[in-house]
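Let's take a walk through this model together. Have the picture open while you read, and turn it around as you go.

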Amino acid sequence: MKSQQKRIKHQSVEKKQARWGIAFVIPSLVFFSLFNFYPIINAFYTSFFKKKVLSLKPPTFIGIDNYVYLIQSSNFWNSIRATVVFTLGTFIPLLVSSLLFAVLIISIKKGNKFFQIALYAPAVLSSVVSAAIWLLIFDPRGLANQWANVLLNTWGADHNWLANWTMVQISTMLVYFWKYIGYFVIIFIAGLSSIPKSLYEAAQIDGTNSWQEFWQITLPLLKPTVVLVSTMSMLQCLKTFGTQYLFTQSGAPQDPINVITMNIYNTGIRDHRIGRASTMSIILFIIMLFFTWLQFKTSKSDDVEY
Amino acid sequence: MKRMTALLLMLTLTVTLTPVFAGGSQETDEGPITITFWTHEDPNRTEIENRYIAEFEATHPNITIERVTQSSTKIQELILTAFAANQGPDIFNMSIEDEFAYIANGRVASVDAEAAGYSDIEALSDAYAPGSLDPVTVDGKIYGLPLELTNWSIYINKKVFIDAGLDPEKDYPKTWEEMADVSEKLIIRDGDIITRRGFDFRYPYYLVSFVPMVEQLGGKLISDDGKTAIINDEAWLTFLKYMKEWGPNGRNLGSPTYKNARKLFNKDNNDIGMALTGLYQQGRIHADNAEFYDSGEWMVVPFPTFENAVNDVAACYYGHYYMVNSQKSDAQQKAAWEFVGYMLSHGEEYLQKVNIVQPTKTLMSSEAYTGMPYSSVFAKDLERGHVVYFGEESAKLQELIKGAVESVMLSGVSPEKALATLRAEAQEMLEDK
């Protein structure tokens, strides 16, 4: 009887706490619903209509015509290609390099804070500012050609950083890599710091070298951070827009770097076709959702406990 | 508990969403009126228009004008998204290529001639130069009043010509073929990298300055009946071949990735010999480099034609028109037109302080206009030109032409292939209206 009373009392405390918990969560839930769920549902609904941004006439229901059109559109497939190329070309080097830099920085005894700040600094710049800086560097008379010509011993060569089909894709990858490397290095450093030192000490007693420590201890225990960084960096890359937009505004050809987000912007804002732009947004959303799910699914078995 | 949570959630959502969906209400016809006026940044205009606002408000105590400026690259999308949410400003202006869609979709009100200071609509039409109101006239109604009408001719830096051993007065290019040859003489390269260009195009503005080049050769963007895109393959191919030769894979005379020639011109840094721009450039040269402006070392010559041109066409002219939101109350629309009329009654001051031309007959025959350096060159090129293509799909068409030109100039695509792609996409766009 007493224990039942105790349980009821305990439950009521739990309920009270839960109520407060819900009260605190509701504002963010409302905010999230308003600015995330509502636009997604609205975009999904709009994707079945032929709708012009400025038209005062009611939109025409066209079923899945927008989806059919996009599947048959070479322009849309080019955007898929540009997005995939950019994502693979950026997120894999970002993942590998940020891990290497993090390991390197954490192993440095003196000045590692300086390197952290130096690497992180570009992340605080907006995409517009970083693209503007790199536009100056990639100008035919800019630093990129000067450095490349010194390194490659190709005096006077114009490497067409913003003009050539391949080079302009590499240029956008370079800007993104430069901008986000520091951000992911910091996350990896946080992950590395959480690995107990006792594990390394025990391994050293067993006679392991640094290489073995990295492969046998650091990397397996860092898997949750690797999954986090790879998911975040991949999603960032899939959403890339600012650099490509600024580059095309400054004369770079559009087709090589016409990523899906830029195609959505141009279709919706420039061409006023908001129905078709919404369809592209939904397709991009599904792609992002699928890869996020895939990454979490494949990493589920790798939960780490110290 | 669950019910309570659901109720609380619904209540919070209702409270949060109510102001979102309650927007867009109109002011009543009585009482104070607030007019929102969105325009692009221009410090010279801001100075005089802020004064006009103060003067207008003093004589109209029940009207308040809120002038908001945005960068010229951002204003199109800001106005578009505001109108999409039915929250557009009372007065706005953009280039006609961007504005025409607002007329086509019934988003702007026809001009209230009396409020704008004219006895009737005929008097208003009669006050403007022939053709200047055509882009905003639909079914006999006028939907905007021009803030400026601009056309481009070729500015020449005489020092660059003399430095290359040329006489600018005699050797300036009259044809596009001469333009390439003269540029070749003016150009300085460090290996493949150009350190001084002779001339370079204004790449983002394909409808204004590239389409006339095709028209000189007998081509057209859209057929007269509006049903067919890209007329006369030969003309388009000649034009695309010319651009291919101009680019880094041809004679390497310029490229879209070099700095904007018009902006470099003002600096007089031995960067550029010729630039394509409007009368307004004179004010900007004066502001950026008064010494160069006063030196007399620059001149303006007409827009060239091809040697075998069949039409004498200069660069297109384009206009910025003040428009009034049709979703506002009658009182707001009337007040807006009154204010627009008041601003535009200062044409000479706009010309002298901002270097923009409002195409009224009074201004164009005034000493203030005719006395401006090289205004006769611009006036003659204006007569040779026509208004820029301003259909609802003009931005998309411009993008398609850009794609074709850049693909031949930068990506090594053959002119034939680029033309086929351009035609297919432009035709699809026309049919998908």
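## A loop in chain B

Let's start with Asn252(B), which sits in the loop between helix 10 and helix 11 of chain B. Keep in mind that this is a predicted model. Is Asn252(B) buried or exposed? Its relative accessible area is 12%, and the cut-off for buried is under 20%, so Asn252(B) counts as buried. Its backbone is worth a look too: Asn252(B) isn't a glycine, yet its phi is positive, at about 55°. As a bit of background, most residues other than glycine have a negative phi.

Gly250(B) belongs to that loop as well, with helix 10 covering 233–246 and helix 11 covering 261–267 of chain B. With a relative accessible area of 30%, Gly250(B) is partly exposed. What does Gly250(B) touch, if you skip its neighbours within four places in sequence? The answer is Lys244(B) and Glu245(B). For a sense of scale, try finding Ala113(B), which is 137 residues from Gly250(B) along the chain. The C-alpha atoms of these two residues are 54 Å apart.

## Another positive phi

Now hop over to Asp139(B), in the loop between strand 4 (137–138) and strand 5 (141–142) of chain B. Asp139(B) isn't a glycine either, and here phi is about 50°, on the positive side. How accessible is Asp139(B)? Its relative accessibility is 79%, and anything over 50% is called exposed, so Asp139(B) falls in the exposed group.

## Chain B as a whole

Time to zoom out. Chain B contains 20 helices and 14 strands. Its radius of gyration is 24 Å, close to the 22 Å that the globule rule gives for 433 residues, so chain B is as compact as a globular protein of that length. If you lay the C-alpha trace of chain B along its principal axes, it spans about 80 × 60 × 45 Å.

Of the 433 residues in chain B, 54% count as buried. Looking at contacts with a separation of 6 or more, 74% of those in chain B join residues 24 or more positions apart. The chain exposes about 18100 Å², and carbon and sulfur atoms supply 51% of that. As for charge, chain B carries 38 positive and 64 negative side chains, with the centres of the two sets 6 Å apart.

## Chain A as a whole

Over in chain A, you'll find 13 helices and 2 strands. Why call chain A more spread out than a compact globule? Its radius of gyration is 25 Å, well over the 19 Å that the globule rule gives for 306 residues, so chain A is more spread out than a compact globule. Along its principal axes, the C-alpha trace of chain A spans about 75 × 60 × 30 Å. Chain A is divided into domain 1 (1–33) and domain 2 (66–302), and the C-alpha centres of these two domains lie 42 Å apart.

How much of chain A is buried? Of its 306 residues, 45% count as buried. Residues 24 or more positions apart make up 69% of the chain A contacts that have a separation of 6 or more. Chain A exposes about 17300 Å², with 68% of it supplied by carbon and sulfur atoms. Finally, chain A has 25 positive and 12 negative charges, and the mean positions of the two groups are 14 Å apart.

Key: Residues are numbered from 1 along each chain as its sequence is written. Chains are lettered from A and ligands numbered from 1 in the order in which they are written. This is a predicted model: local features need pLDDT of at least 70, side-chain atom pairs count only at pLDDT 80 or more; totals for chains, interfaces and linings use all residues. Side-chain values use heavy atoms; hydrogens and water are left out. Domain bounds come from an automatic or database domain assignment. Helices (H or I, at least four residues) and strands (E, at least two) are DSSP runs, numbered from the N terminus. The radius of gyration is taken over C-alpha atoms; the globule rule is 2.2 Å times the number of residues to the power 0.38. Buried means under 20% relative accessible area, exposed over 50%, partly exposed in between (1.4 Å probe, protein chains only). Contact means heavy atoms within 4.5 Å. Accessible areas come from the Shrake-Rupley method with a 1.4 Å probe; for residues, only the protein chains shown count as cover. Lys and Arg count as positive and Asp and Glu as negative; His and the chain ends are not counted. The place of a charge is taken as NZ of Lys, CZ of Arg, CG of Asp or CD of Glu.
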